[in-house]
Amino acid sequence: MFSGKSEELVRRLRRALIAKQKIQVFKPAADDRNPPELLVTRDNRELAAISVSNCDEMRAVLEEDVEVSGVDEAQFFEHELVDLVTELADSGRRVIVAGLDQDYLRRPFGPMPALLALAEFVDKTHAVCVRCGRSAHYSQRIAGGDQQVLVGDQEAYEARCRECYVPYSS
Ligand code: ZN
């Protein structure tokens, strides 16, 4: 949330394109903030992407000759994503996954904990706390009820640091 995850994903995938590698980029259909065929970052960078509802759909459209696979908002996928990206990586592909490691109650989010454990390289990007300006690790929900998955942006979440984070209850 607001930490530049998608921007970093797009930056790395663009570098792969410059290196003339074939890429495929997936995002969850549940994230309907932008057109389904585009990954759009908050700073308005765009990359062609494929919206899929689940890992079966992702598997069905995987192309054989892809060298770099990207997944955005990975926290919204089922745990099966862990097996799928492991298969891809084991087959020699590079896999770059971006996602929120914690939900709005700071609980590990979806398949992210396992992905973090299995990845060779992990970078945590941090947002800026809207209250105090320190480095922010948490998605403070500020509206919208208490379901874990709530696709939203500034109307529903704020980046907060540990000192400024307050557990949300609706
Ligand atoms: Zn703060």
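By donors I mean N, O and S atoms within 2.8 Å of the metal. Worth noting up front that I'm working on a predicted model.

**Zinc site**

I looked up what holds the zinc ion. Its donors run along the chain with the spacing C-x2-C-x28-C-x2-C. They are the SG atoms of Cys 129, Cys 132, Cys 161 and Cys 164, sitting at 2.3 to 2.4 Å. Next I checked the geometry: the angles among the four donor atoms come out at 102 to 119 degrees, and the site is tetrahedral. For reference, the ideal angle for four tetrahedral donors is 109.5 degrees. I also checked burial here, and found both Cys 161 and Cys 164 buried.

**Helix α3**

Which residues of α3 are buried? I got Leu 81, Val 82, Leu 84, Val 85 and Leu 88. They lie on the same side of α3, because the arc they cover around the axis is only 165 degrees. That fits the textbook picture: with 3.6 residues a turn, residues three or four places apart in an α-helix point the same way. Then I looked for what covers these buried residues, and the list includes α2 (55-61), β5, β6 (94-97) and α4 (112-118). After α3 comes Gly 92, with a positive phi near 100 degrees.

**Asp 72**

I found Asp 72 in the loop that links β5 (68-71) to α3 (80-90). Where is the nearest side chain of opposite charge? It belongs to Arg 33, 6.3 Å away, and Asp 72 has no salt bridge although it is buried. Setting aside neighbours within four places in sequence, I listed the contacts of Asp 72, among them Ser 6, Phe 26, Lys 27, Phe 77 and Ala 98.

Key:
Residues are numbered from 1 along each chain as its sequence is written. This is a predicted model: local features need pLDDT of at least 70, side-chain atom pairs count only at pLDDT 80 or more; totals for chains, interfaces and linings use all residues. Side-chain values use heavy atoms; hydrogens and water are left out. Helices (H or I, at least four residues) and strands (E, at least two) are DSSP runs, numbered from the N terminus. Buried means under 20% relative accessible area, exposed over 50%, partly exposed in between (1.4 Å probe, protein chains only). Lys and Arg count as positive and Asp and Glu as negative; His and the chain ends are not counted. A salt bridge is a side-chain nitrogen of Lys or Arg within 4 Å of a carboxyl oxygen of Asp or Glu. Contact means heavy atoms within 4.5 Å. Donors are N, O and S atoms within 2.8 Å of the metal (3.2 Å for Na, K and Ca); water is not among the atoms, so sites may look incomplete. Four donors count as tetrahedral if all angles lie between 85 and 135 degrees; four count as square planar and six as octahedral if opposite donors are over 155 degrees apart and all others between 65 and 115; anything else is irregular. The arc is that of the directions from the helix axis to the C-beta atoms.
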